[in-house]
Amino acid sequence: MEVGDVEAIGKHCKTCGQLDFLPFQCIQCGGIFCGDHRSLDSHACPKAPKHNRTAAATPAKPSIYSYERQCADPKCKTLIGSGVGMKPQSHCDTCNRTYCYPHRMPEDHNCANLTPIGARPQNALQIQRDRAGTALARLKAWADNKKEQDLRSKMKSTSLFSSKKTVAANAERDRLAALKKGAKGTASLAQEKRVYLFVEASADTTKAKHPSGTFFYDKTWNVGRVLDAAAKALQVENVNNRGGGEEEKLRVFHVEAGRLLRFQEKIGEACVTGNMIVLLRGVGDPDLIDLRD
């Protein structure tokens with residue numbers, strides 16, 4: 001699997017600080033926001049257009065920048081309501097939100113994973129678990145899709161008489177050979193003690209122009225030590241040893257396992273050669289999150 005795409009995933013909302021892998025950028029102020037704070041009013045946009053009340057009585061054509069009633073699905077920009085140009089709306093009694101018709105069914109707006117508006121506030125641990133779970137699930141889905149795309153690309157450039165299994169095996173062999181050839185690490189470390197990994201850093205964590213690399217580590221190192229070494233190599237600010245909350249702490253996400261690794265785990269027990277790990281900030285404590293099937 002090729003690396004380099006993870007740096008484009010994930011931004012923190014300017015209003016609430018939530019890590020969102022599908023952020024919105026305000027066309028007025030340029031700020032980055034989550035789905036709940038994408039509208040001008042919800043993030044008190046300082047550059048929101050002021051309406052001239054002395055203008056002609058004919059109202060301006062509604063848009064997502066001037067009309068607050070939008071479908072509650074964060075990826076949908078449909079304007080809903082009973083006014084001119086509005087689409088029909090439907091209210092969900094379960095999550096207490098209003099949607100356009102295409103998103104009115106519970107399965108179409110992920111209703112089961114939403115906290116109903118007006119419900120008793122969740123405690124801080126539950127909020128952290130929900131936010132991190134959503135973010136990591138998106139990253140895992142991205143990785144699975146990337147693997148499938150890479151395999152399809154390889155199939156197109158291979159003989160029609162080759163089976164999918166054969167193509168996949170050859171692609172994996174070539175990928176591991178390239179990984180071992182280019183990986184950096186302590187040259188004196190014996191081959192049998194090495195684990196070779198693809199390492200990425202999300203775009204909001206690093207100052208490097210190319211925040212990815214291939215490295216090998218001692219299998220007996222714990223994940224915390226690997227994180228320190230990877231952060232230094234990829235120019236990622238690491239404040240894990242300074243205390244503070246989870247919002248600034250780096251964590252290691254194991255793509256193939258679809259989970260966060262704990263600092264005390266041995267890297268050689270959690271990962272095998274050819275795996276990918278990603279450095280993420282502010283996703284929370286892995287003891288509170290578990291995305292494994």
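This passage walks through the fold of a predicted model, from the whole chain down to a single arginine.

The chain has 293 residues, and 37% of them are buried. Its secondary structure comprises four helices and eleven strands. Of the contacts with a separation of 6 or more, 53% link residues that lie 24 or more positions apart. About 17300 Å² of the chain is exposed, with carbon and sulfur atoms supplying 51% of that area.

A good place to begin exploring is an open sheet of five strands, which follow the order β8-β7-β11-β9-β10 with mixed pairing. Strands β8 (212–218) and β10 (259–261) each have a single partner strand, so one side of each has no neighbour in the sheet. Ignoring direction, neighbouring strands of this sheet are turned against each other by 40 degrees on average. In general, strands of a sheet pair through backbone hydrogen bonds, in either a parallel or an antiparallel manner. The antiparallel case can be seen in β9 (residues 250–254) and β10, which are joined by three bridges. Here H254 stands opposite R259 in β10.

The sheet also has a helix lying across its strands: α3 (residues 223–233) lies across β7 (194–201), β8, β9, β10 and β11 (275–281). Relative to β9, helix α3 runs at about 105 degrees.

Finally, a closer look at one side chain is worthwhile. R175 belongs to helix α2, which spans residues 164–182. Is R175 buried or exposed? Its relative accessibility is 16%, and because buried means under 20%, R175 counts as buried. The side chain of R175 reaches the backbone oxygen of G274 at 3.0 Å.

Note on methods. Residues are numbered from 1 along each chain as its sequence is written. This is a predicted model: local features need pLDDT of at least 70, side-chain atom pairs count only at pLDDT 80 or more; totals for chains, interfaces and linings use all residues. Side-chain values use heavy atoms; hydrogens and water are left out. Helices (H or I, at least four residues) and strands (E, at least two) are DSSP runs, numbered from the N terminus. Buried means under 20% relative accessible area, exposed over 50%, partly exposed in between (1.4 Å probe, protein chains only). A polar contact is a pair of N or O atoms within 3.5 Å; within protein, one must be able to donate a hydrogen and the other to accept it, and residues adjacent in sequence count only if both atoms are side-chain atoms. Two strands pair if DSSP finds at least two bridges between them. Axes are lines fitted to C-alpha atoms, for helices over the stretch in contact, and angles run from 0 to 180 degrees between N-to-C directions. Contact means heavy atoms within 4.5 Å. Accessible areas come from the Shrake-Rupley method with a 1.4 Å probe; for residues, only the protein chains shown count as cover.
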